[in-house]
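Me: Please take a close look at one part of this model, namely the salt bridges and the helix that carries one of them. I would like the setting first and the residues afterwards.

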Amino acid sequence: MSSSSTPDPPPHLDLADIEEDELEVEQEHERALGEQRGAQRERGGGWVTLAWAAPGFLWLGFFLIAPLVFIVLMSFWTPDTSVGFVKDWTTQNYSDLVHPFSLDNAYWKDMWRSFQISAIAVAACLVFGFPVAYFLAMKVEKLQYQIALFILALAPFWTSFITRSVAWAYPLMGSHGALNTFLVKLGVSSYDHPLLNTQFTQLSVQLAMIQLYILFMVTPIFFLLAQVDRHAIEAARDLGGNWWSTFREVVLPQTMPGVVIGSIFIFVLTMGEYGTVQVISQGAVTTVGVYIQTQIVGTQYPQGAASAVLLVFILILGVFAITRFSNLREDI
Amino acid sequence: MSSSAYAPAMERTQDSVVKRQYKPKRDWAKWGLATYFVIFLIFLYAPMILMAILSFQGYQGGVTFPFSGPAGLDWWRSIFVNEVHHGQQVIFTNADGIRTAGEGSLWVSLAAGAIVAFLAFTLSMAFRRRFRGDGVAFYIILLALMTPGFLLGLGTQIFWKAMNQETSLWHTALGTNTVWGIPFGFLVMTAIWNRYDDHIDEAARDLGANAARTFGEVTLPLVWTGIFGAFLFGFTLTWNDFDRTALLVVGNLTLPLEIVGLIQAAALRPDLYALGTATTLVSLAVIVTFLVVLTIRSRFRRAPVQSVEEELGLGGGIDAEAAEQVVEG
């Protein structure tokens with residue numbers, strides 16, 4: 001070995017070069033990651049994907065898209081008192097709905113009431129549901145207990161909404177119901193003049209919505225909280241973060257997709273609610289769902305269809321607004 | 001590593017640092033949240049509990065308080081038999097209607113669960129890769145979630161009328177209900193795939209398994225809980241559904257329809273509460289059974305040795321007493 005004359009280091013090898021190399025490696029790595037996430041790894045991948053996607057989308061095309069297309073078509077047809085509709089094109093159904101465009105219009109009044117109920121339900125489910133999810137995911141150490149408690153919270157969900165609504169409307173919320181009886185015992189209410197007027201009222205509907213749907217918020221948040229990297233929390237604590245800053249900077253961002261999914265669930269489900277509202281309010285409270293249903297039962301198909309199309313439009317706007325808080329497809 | 005690693009060659013101050021017995025500080029947040037959780041459960045269960053109490057009323061009982069005695073099982077019997085006798089008085093029950101509706105609900109929900117599980121799985125498989133138009137496709141699936149139930153019922157009715165087909169429980173209501181279940185199942189499966197390590201599949205393939213075998217023996221066993229979750233969503237949503245089914249079906253073919261029928265006929269009696277309590281108990285029992293089976297299976301499957309330390313008999317790691325002994329001895 002001619003170690004006596006140590007060769008000069010290659011002249012190009014300076015820092016910039018190394019950085020460039022590293023950059024290249026990094027880019028290569030990212031490209032590989034990107035490939036793993038998305039682009040086809042093998043030839044013919046497109047056909048495989050198509051084969052996987054075909055049954056589901058055929059089914060959805062038949063049972064979702066086609067009916068929706070027919071509703072949109074229907075909303076432009078002319079109402080007819082004897083057979084429901086005739087296939088003459090018109091925009092009258094829509095102009096009836098937007099004139100007047102105010103709360104004097106029964107449609108918008110019901111829409112506004114639905115929106116109020118829905119917005120309050122989303123907010124309340126988030127506020128009251130988050131601590132439940134947090135407790136289950138963060139404070140219950142053993143997985144078995146976590147699952148057991150979660151199932152315990154989930155169990156009422158398996159009883160029909162309608163049954164639970166009946167149980168809500170009569171024994172719990174009636175003037176002789178448990179809630180008012182409790183308030184009477186406390187001395188703040190009476191059977192003749194209940195403190196909270198909760199039988200067949202909007203308040204009762206509102207409370208029932210929260211009770212019926214809160215698990216749609218708890219479940220996604222629970223699943224995401226359970227996945228939060230505990231080391232990140234420890235690291236945040238070690239770096240001097242207090243509980244609140246750790247929560248805000250570490251836990252919440254990782255939980256955001258769950259909050260968004262839960263909010264979408266509850267917003268959409270309560271906006272379109274009809275059966276439960278009717279059972280709980282016995283017809284005293286009308287929401288936009290009840291409004292449309294009344295039109296349909298009265299064979300006003302085109303008007304009902306137009307009302308429904310506008311509702312879906314508003315739902316899509318709302319969901320779009322909610323999804324601004326998180327990139328769902330990547331974050332789930 | 002061996003146990004001799006604990007024995008220091010010479011006395012050094014850092015070796016005598018003994019890990020103290022961890023004194024559990026009372027976690028107030030935990031107990032506060034636990035109390036809150038109990039209140040939350042009471043809130044969730046309040047209607048169910050009241051329902052259960054009122055189902056044990058005497059035959060004169062109504063759907064609300066006050067409780068009218070004497071307490072008995074009359075209303076529980078009345079969901080199974082057609083007539084209940086009280087001395088001279090005969091009360092005709094809705095047992096027939098409830099039984100047929102219950103059976104109808106059960107079979108349709110099972111079918112819907114199976115379809116949802118299958119389609120949610122295949123759709124989620126497609127979404128494991130990017131493909132042209134996947135954004136739009138994703139929003140179509142979300143659209144299935146966002147469409148209000150009665151709207152879909154209405155649309156389906158119009159669509160089938162245009163095809164000159166009759167709507168029915170098995171032809172249309174089943175399909176309409178699965179449409180609601182698919183996005184739920186799909187989101188569950190997507191969440192699972194996003195955490196699934198693709199290297200596991202690669203490893204199986206490197207070890208010589210073909211695609212089918214990899215799928216059947218590696219992938220599927222790892223994600224079947226998600227598929228089961230999708231099934232549960234499909235089953236539950238259909239089991240509870242009223243809005244989607246109401247427009248498409250003539251007669252009270254499912255339990256929710258039957259119940260609403262009873263409400264509209266002002267024929268509400270405590271037998272509804274007995275029924276509601278019974279379905280709750282049955283579903284709880286099913287889930288608990290499932291969990292027990294799952295626990296037992298996973299216990300049998302678990303490898304006897306969990307870690308290298310355990311294998312080497314160093315189970316507890318460095319605990320205070322052992323270290324103390326070593327230091328002193």
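**Salt bridges and helix H8 of chain B**

Reply: In this predicted model, the domain assignment of chain B gives domain 1, covering 28–92, and domain 2, covering 97–266. The C-alpha centres of domain 1 of chain B and domain 2 of chain B are 33 Å apart. Chain B contains 13 helices and two strands, and 46% of its 329 residues count as buried. Among contacts in chain B between residues at least 6 apart in sequence, 66% join residues at least 24 apart. The area that chain B exposes is about 17,500 Å², of which carbon and sulfur atoms supply 63%.

Chain A may be set beside this description. Chain A has 14 helices and two strands, and buried residues make up 48% of its 332 residues. Among contacts in chain A between residues at least 6 apart in sequence, 67% join residues at least 24 apart. Chain A exposes about 16,900 Å², with carbon and sulfur atoms supplying 64% of that area.

Turning to the charged pairs, the structure holds six salt bridges over all chains. One of them is formed by B:Arg128 and B:Asp201, whose closest N and O atoms are 3.8 Å apart. This pair links distant parts of the chain, since its members are 73 residues apart. B:Arg128 is in the loop between helix H3 (95–126) and helix H4 (134–146) of chain B, whereas B:Asp201 belongs to helix H7 (residues 198–206) of chain B. The two partners also fall into separate accessibility classes. B:Arg128 has a relative accessible area of 23% and is therefore partly exposed, while B:Asp201, with a relative accessible area of 8%, is buried. The assignment rests on a cut-off: buried means under 20% relative accessible area.

A second salt bridge joins the side chains of B:Asp241 and B:Arg244, with a distance of 3.5 Å from N to O. Both B:Asp241 and B:Arg244 are buried. Elsewhere, salt bridges that share partners join B:Arg128, B:Asp198 and B:Asp201 into one network. B:Arg128 and B:Asp201, described above as a pair, are thus members of that network together with B:Asp198.

Helix H8 of chain B, which spans residues 211–240, contains both B:Glu217 and B:Arg213. Their side chains meet in a salt bridge of 3.1 Å, N to O. Within the helix, B:Glu217 and B:Arg213 are four residues apart, about one turn. The B:Glu217 and B:Arg213 pair thus lies within one helix, whereas the B:Arg128 and B:Asp201 pair connects a loop with helix H7 of chain B.

B:Phe231 also lies in helix H8 of chain B. With a relative accessibility of 21%, B:Phe231 counts as partly exposed, because the buried class requires a value under 20%. Leaving aside residues up to four places away in sequence, B:Phe231 touches B:Leu110, B:Gly113, B:Ala114 and B:Ala117. The C-alpha atoms of B:Phe231 and B:Ile182 are separated by 9.4 Å, although these two residues are 49 residues apart along the chain.

Conventions: Residues numbered from 1 in each chain as written. Chains lettered and ligands numbered in written order. Predicted model: local features only at pLDDT ≥ 70, side-chain atom pairs only at ≥ 80, totals over all residues. Heavy atoms only, no water. Domains from an automatic or database assignment. Buried < 20%, exposed > 50% of the residue type's maximum accessible area, 1.4 Å probe, protein only. Contact = heavy atoms within 4.5 Å. Areas by Shrake-Rupley, 256 points an atom, 1.4 Å probe, with all protein chains shown as cover. Salt bridge = Lys/Arg side-chain N within 4 Å of Asp/Glu carboxyl O.
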